[in-house]
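Visitor: I would like a close look at one part of this protein, the way its strands pair into sheets. Please walk me from strand to strand and tell me what packs against them.

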Amino acid sequence: MIHLKNVTKLYQKNGVVALDDVNLDIAAGEFVFIVGTSGSGKSTLMKLLMHEETPTMGEIFVNGRDVVRLQRKEIPYLRREFGVIFQDFRLLEDKTVYENVAFAMQVIETPRKIIQRSVDAVLDIVGLREKSKHFPDQLSGGEQQRVAIARAIVNDPKLVIADEPTGNLDPATTWDIMDIFKRINDAGTTIIMTTHDRDIVNRMKRRVVEIEGGKIVRDQQRGRY
């Protein structure tokens, strides 16, 4: 699913080495936590996978695609193969719950009948079908994040990248969200999640990759924070 070989990322403007000779393989269907202090290189790793940044050196393959050598016109097709979830939700405030989720399918010109069926299905997964006509400002933080998850999975991606998805949520809501991620993963979707939440990592007991100073310092199955 994901293969990084000898990946280094140097930001020329400030001379910061964000990643230093990183090697990492993630198989299809894995649930991997990426942990580390702020500035350790976690966000850079995510950006490289999405081709928001390119490495200074090294190879990156995502689902068989050579990410480093992608042409500009190929980048949207890469990004359609995975869903992305952020800490700050990034919902469209002038669209309803249904419209926010449907938008992810409309941009790739999915037929209307398929959109309706798929959106209803993922809203059932995240428990928000009854709030499909609500706008984001009518929802709690946890509900907004559920909408973001539904939007990320509506196109049935092989990979979900979640960047601190519970960072703005209270503990009870956090576990509701993590239960959704677990069910998505159990259905076969690969999940890569950055987090600073020690309790989540320790209780989930999934693979943990720790980055410090741009280097992978620990890679542990059923790991702890």
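Guide: Happy to, and I will start with the whole protein before turning to the sheets. This is a predicted model, in which local features need pLDDT of at least 70 and side-chain atom pairs count only at pLDDT 80 or more, while totals for chains, interfaces and linings use all residues. Residues are numbered from 1 along each chain as its sequence is written, and side-chain values use heavy atoms, with hydrogens and water left out.

The protein has 7 helices and 10 strands; helices (H or I, at least four residues) and strands (E, at least two) are DSSP runs, numbered from the N terminus. Its radius of gyration, taken over C-alpha atoms, is 18 Å, close to the 17 Å that the globule rule (2.2 Å times the number of residues to the power 0.38) gives for 225 residues, so the protein is as compact as a globular protein of that length. If you rotate the view to its principal axes, the C-alpha trace spans about 50 × 40 × 35 Å.

Let us begin with the open sheet of 6 strands. Reading across it, you pass E6, E7, E8, E3, E9 and E10 in that order, and the pairing is mixed; two strands count as paired if DSSP finds at least two bridges between them. E6 and E10 (215-220) are the edge strands, each pairing on one side only. From one strand to the next, the twist averages 15°.

Now zoom in on E9 (residues 207-212), which is antiparallel to E10 and joined to it by 5 bridges. Within this pairing, Glu 210 stands opposite Arg 218 of E10, and Ile 211 faces Ile 216 in E10. E9 and E10 make a hairpin that leaves 2 residues between the strands, and Gly 213 in the turn has a positive phi of about 60°. E3 (31-35) also pairs with E9, this time in parallel, through 4 bridges. There, Ile 34 has Val 209 of E9 as its bridge partner. While you have the strands in view, here is a general point to keep in mind. In a regular strand the side chains alternate between the two faces of the sheet.

Next, the 4-stranded sheet. This sheet is open too, with the order E2-E1-E4-E5 and antiparallel pairing. E2 (16-26) and E5 (65-66) are its edge strands, each with pairing on one side only. E1 (2-11) pairs with E2 in the antiparallel sense over 7 bridges, and His 3 stands opposite Asp 25 in E2. E1 and E2 also form a hairpin, with 4 residues between them, and Gly 15 in that turn has a positive phi of about 75°.

E1 is joined to E4 as well, by 5 bridges, and these strands run antiparallel. Look for Ile 2, which stands opposite Val 62 in E4. E4 (residues 57-62) is in turn linked to E5 by 2 bridges, again antiparallel, and Val 62 has Arg 65 as its bridge partner in E5. Val 62 is therefore a handy landmark to click on, as it is opposite Ile 2 and a bridge partner of Arg 65.Finally, the helices that lie on the strands. Go back to the 6-stranded sheet and its E9-E10 pair, joined by 5 bridges. H1 packs on this sheet, where it touches E3, E6, E7, E8 (190-194) and E9, and its direction makes about 145° with that of E8. Contact here means heavy atoms within 4.5 Å. For the angles, axes are lines fitted to C-alpha atoms, for helices over the stretch in contact, and values run from 0 to 180 degrees between N-to-C directions. H5 packs on this sheet as well, touching E6 and E7, with its direction at about 165° to that of E6.

H1 also brings us back to the 4-stranded sheet: it lies across E1, E2 and E4 and runs at about 115° to E1. To find these helices on your screen, select residues 42-49 for H1 and 141-153 for H5.
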